Amino acid sequence: MGVALTRAAQWTTAGFGTGKLEITPLNESILQEIIAFVENFSSKHPKESSLVFKEPLQWTTTLEPSRFGSGYEVSKLSVTSVETDKDGRPLLRLSASNIEVLSFSQLSTILRVAQDKKLREVQACLEANRDPVAKILGASYATVDGEDYSVLRLLEKVKQDDDANHDAEFEMKVFLLIQQLDMQLMNNSLKQISQEVRLSPATVKNEVELLESFCGEEQEAVLKSVEYTSDYEFSNGCRAPPWRQVHGEICYLKIKPHDTDTLYVTCSTAGVFLNGGVDEEKEKTDYERKSEVYKDLVNLLKQRSSHFAQNIVKQDFAVYKEPLSARQQVDPVDAEEEGQTQRSGDHQTKRAHEKTLQPTSQKMTSSKKKLEPSLKWKTLGLPAQSEQSDLKEQSENGKRRKTGKDDTETEKTDKKLPSPKSKKRANFPPSPLHAKHSGQISKISGVWTEEFSESSSESEEDEDQLDRRQESSTDLPSEYWQIQKLVKYLKGGNQTATVIALCSMRDFNLAQETCQLAIRDVGGLEVLINLLDTDEIKCKIGSLKILKEISRNSQIRRAIAGFGGLQMMVNILDSPEKKLKCLAAETIANVAKFRRARRTVRKHGGIKRLVGLLDCVPSDSANLTPEQEKDIEVARCGALALWSCSKSTRNKEAIRKAGGIPLLARLLKSPHENMLIPVVGTLQECASEQSYRTAIQSEKMIEDLVKNLSRDNQELQMHCASAIFKCAEEKETRELVRQFDGLKPLVTLLSMSENKQLLAAATGAIWKCSISLENVAKFQEYKAIDLLVGLLTDQPEEVLVNVVGALGECAQEQSNRAIIRKCGGIQPLVSLLTGTNQALLINVTKAVGACAIDPENMTIIDRMDGLRLLWSLFKNPNPDVQASAAWAICPCIENSKDAGEVVRSFVGGLELIVNLLKSDNKEVLASVCAAIAKIAKDEENLAVITDHGVVAMLAKLTKTTDDKLRRYLAEAIGNCCMWGSNRMSFGETGAVAPLVHYLKSSDTMVHQATSVALFQLSKDANNCITMHENGAVKLLLSLVGSTDEVLQEAAAGCVANIRRLALANEKARYG
């Protein structure tokens, strides 16, 4: 058993910690055979099972004391066996989670008690006792390399020791049984190992990159997408968290095939297999294996997706050379076998930096290289013979450049090398793979590589930083190496040396990226994070001060989260030491800049603890003691951390549930600007939620926000204006801002045109406040419209969206439309219709539509071809843009002199708007119906849209229950009745009966439009019959007495038409 565990079993340390058994089929097979051996040992060999071990087998167990029954003395936390050895020691002792066992009979009992936890218990036992034979029979039987003479020694002992002959004979039998098991384990292991292909991070990465190049939505693509579940890559190439790397796991993939559900795949050193996937609600990954293990991704996907199996053989694969950087990376398994860790040893560190300092680019020698296509995956990674000579030549050229034999040539070569910004324009030799999939260019022997693939903004940011790091690595400053020496002292020094090293490290400029990455590259992050778990306050403070500085780097942030640093910082928030709390909260504020980090803080109870930090500020902050000043600083740091965490919707809810809103309201009255900035920042982030907007009103925070608008701090002003921007969605908030005189400070901020963030926040607040007409009057008084028109040019889109939105609201008033025209605002507004920003287009169309109500403004819009630009927006895929454009077209058609002729001049324009009646969006349908009602007033245009099937499409919409759509639909039907046989067609398509039911609506505007439509339809006899059958007469009679003249006349006219038909029928029947 010792030989099998040493040589056949697969162990790993993933760079640190004690040895662990990987979760592989081979190890599982070994464990199952050991379980069967131990379970049956007592029944097959009852005498030998009573043999007492020389030393107890000890390990950490998950078994509860309550599982043990008779034959044991059981208490709440411990178990002791009644059976003892000759010295009175119990053969089994369980205390807390530690267990000690001295015989095979007790081991059999443990397996029987463990039930479904057998595998876990045996694994824990073997990991804690790497050579169990030495403990069972004594140190002389320890597993050794080379020839083993333990059997001969045992025979001599049996012959010489007559007194203990009985025990020696038992030992002999047990040893032979264990040796027999060892041989059986070795033979079975050899069979499995001969069929196994062990994977490395570089191999997996190459295969994933190749699969990505064949992904796409088109049917001939082998997969829809392949993506990693984690963006962070460790220095050993793995993406699995460290506690899973100890099991040999490399990374996790989310694969979307064309013909099956999404597959969640684990890539490990033993192969690839399906895992349990990600629980979206709990945000946890189920790492348990759910399928058999395959040797690579292709074999797994062939079994799981028939579409993949059919299409993968059709792809043209090029010979793919493993990247040099990938080959240089230390494989975690190989390092373990050599007894090394990833970040230990001066020689290894030096060697890693020597690799970094090697030139990262070489001159492309010639176009001789020709990559031959192959249809077999097994050819990947094997260079063709024709390439080997070229690669050798490249290597020799690289050596010459490295040794500096030809500096002139080197300088020329370097000039020709593409910079990181121009890599996409670099010339590469053509290949079948590049021709078919231009999105991927492989690198060979250190040549520049560029992967043209879409990625998130965060990963792009990390890649940019990585590029900069590679570019500057050829000339690293001396600080880089000095910091690395200090990290070594941190690793091996005592408490005093650690504190001195931390202080020395803080003397460097930790804001510099080189210094930050120096700490990371040599493994300093792990050491700094481990120091947070000590009992020494000074070490914790020193570590946190460094982590706070370097965590401003996005790569460092992700590494800290990956190493479990956030969990420790959250625990420190409970410390009585206020300085520690401050540093921990500030570091959390820096790290929680990405989603996974914010989720980690919430999952480990960080939100509640951070909210608790806000509750330590004295109510009277006039005369403060030193301790109270510390309390204020703790609250400020807590607010900073909450500000970062509040970018998550779930964290916003967690802050509210933890009672954060009243505490933030109290801090909002603070006179300290450095306190107010994070507090208001948190509030403006949270104000996107309805519950917070309501709470901000009820806690009377609007008054404080308005007061802070007048402070001489632009950052604070920006956050206050942004909070008002979001809260002013509510009518009550808009009124409160006006009541507390907040409109004038907002208008004053429009002069801060150099600060674009402040300008965007101020214009946003003005936009939302101008929804209320009372506020519009105030803005007119403060000359805000003149200032807003001046901001229509040379501004970023985030400012323009708000400026145009505010002008659109102000233009609802006649006097303001004239002001906009006089200030020259119509021309820039029309020019903005050619943009692509969706939010801006929605606001611009609304503003242009409002201005078009004024005939003078419409003349300018016509002159600038504004109607055509509005019409072109019907092709925009965004339904909100389509609807806004349709609403804007209505006043344009109504107030334009030659609107009918202009509309007809648009090629395919009328067909385009009619086809929008097929939309599923009710706002689009209502706006298009309103536009059609205006278009139909021109007889020629009505004839054209009739030919395009407008009657049938309008009739299909009549069953709607939406009053807004009903109003404009009825208006469109009424106007469309003016052409040919459209009245009859509406009756035939079943539009009349649903229209009658519109008269039961509570909306008077629906009544008016419907009565007009029914009046027009009643000019057809069949439609009159339908109306009468559906009870229209009674409903119309009640509307005849309306004060609305249009409604009154239409209802009376419709009743008259129905009555005339009835009289005609009676006359025809009775003469």
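These questions and answers walk through a predicted model, taking its sheets, a cavity and a few single residues in turn.

Colleague: Which strands stand at the edges of the open sheet of 5 strands?

Modeller: The order in this sheet is β3-β7-β6-β5-β4, with antiparallel pairing. An edge strand here pairs on one side only. The edge strands are β3 and β4 (72–74).

Colleague: What does the twist of that sheet average from one strand to the next?

Modeller: Take the order β3-β7-β6-β5-β4 again. From one strand to the next, the twist averages 15°.

Colleague: Which residue in β7 stands opposite T60?

Modeller: β3 covers residues 57–60. Strand β7 covers residues 98–101 and runs antiparallel to β3, with 4 bridges between them. Opposite T60 stands N98.

Colleague: Which residues make up the covered face of β5, and which the uncovered one?

Modeller: In a regular strand, side chains alternate between the two faces of the sheet. β5 spans 78–81. Its uncovered face has S78 and T80, and its covered face has V79 and S81.

Colleague: What is the bridge partner of V74 in β5?

Modeller: β4 and β5 form a hairpin, with 3 residues between them. They pair in the antiparallel sense over 3 bridges. In β5, the partner of V74 is V79.

Colleague: And which residue in β6 is the bridge partner of T80?

Modeller: β5 is also joined to β6 by 3 bridges, and the two run antiparallel. T80 belongs to the uncovered face of β5. Its bridge partner in β6 is R93.

Colleague: At about what angle to β7 does α3 run?

Modeller: α3 covers residues 104–114. This helix lies across β3, β4, β5, β6 and β7. Its angle to β7 is about 140°.

Colleague: Which residues are closest to the centre of the second largest cavity?

Modeller: The structure holds 4 cavities of 30 Å³ or more. The second largest has a volume of about 200 Å³. Of the 17 residues that line this cavity, the closest to its centre are I34, V38, L107, V122 and C125.

Colleague: How many residues of that lining are nonpolar, polar and charged?

Modeller: Helices α2 (25–44), α3, α4 (118–128) and α5 (132–137) each supply at least two residues of the lining, and so does strand β3. The lining of the second largest cavity divides into 1 charged, no polar and 16 nonpolar.

Colleague: Why is one side of β8 and of β11 left without a neighbour in the sheet?

Modeller: An open sheet of 4 strands has the order β8-β9-β10-β11, with antiparallel pairing. β8 (225–228) and β11 (271–274) stand at its edges, so each has a single partner strand. Neighbouring strands in this sheet are turned against each other, direction ignored, by an average of 25°.

Colleague: Which residue in β11 is the bridge partner of V265?

Modeller: Strand β10 has residues 263–268, and 4 bridges join it to β11. The two run antiparallel. The partner of V265 is L274.

Colleague: At about what angle to β8 does helix α8 run?

Modeller: α8 has residues 201–212. The helix lies across β8, β9 (249–256) and β10. It runs to β8 at about 145°.

Colleague: Is L1047 buried or exposed?

Modeller: L1047 is found in helix α59 (residues 1045–1070). Leaving out residues up to four places away in sequence, it touches H1007, Q1008, S1011, L1039 and S1042. Its relative accessible area is 4%, under the 20% cut-off, so L1047 is buried.

Colleague: Is L759 buried or exposed?

Modeller: L759 is found in helix α38 (residues 756–769). Beyond four places in sequence, it touches residues including L749, L791 and V799. Its relative accessibility is 0%, so L759 counts as buried.

Colleague: What is phi of D741?

Modeller: Most residues other than glycine have a negative phi. D741 is found in the loop between α36 (731–739) and α37 (743–748). It counts as exposed, at 58% relative accessibility. D741 is not a glycine, yet its phi is positive, about 60°.

Colleague: Where does D865 lie?

Modeller: Phi of D865 is near 60°, a positive value in a residue other than glycine. D865 is partly exposed, with a relative accessible area of 31%. It lies in the loop between α45 (855–863) and α46 (866–872).

How values were computed:
Residues numbered from 1 in each chain as written. Predicted model: local features only at pLDDT ≥ 70, side-chain atom pairs only at ≥ 80, totals over all residues. Heavy atoms only, no water. 1 Å grid on protein atoms, 1.4 Å probe; cavity = no way out; pocket = protein on both sides within 12 Å on 5 of 7 lines; lining within 4 Å. Points joined across faces, edges and corners; volume = space filled by probe spheres on them. Nonpolar A, V, L, I, M, F, W, Y, C, P; charged D, E, K, R; others polar. Pairing = 2+ DSSP bridges. Axes fitted to C-alpha atoms, helices over the stretch in contact; angles between N-to-C directions. Contact = heavy atoms within 4.5 Å. Buried < 20%, exposed > 50% of the residue type's maximum accessible area, 1.4 Å probe, protein only.
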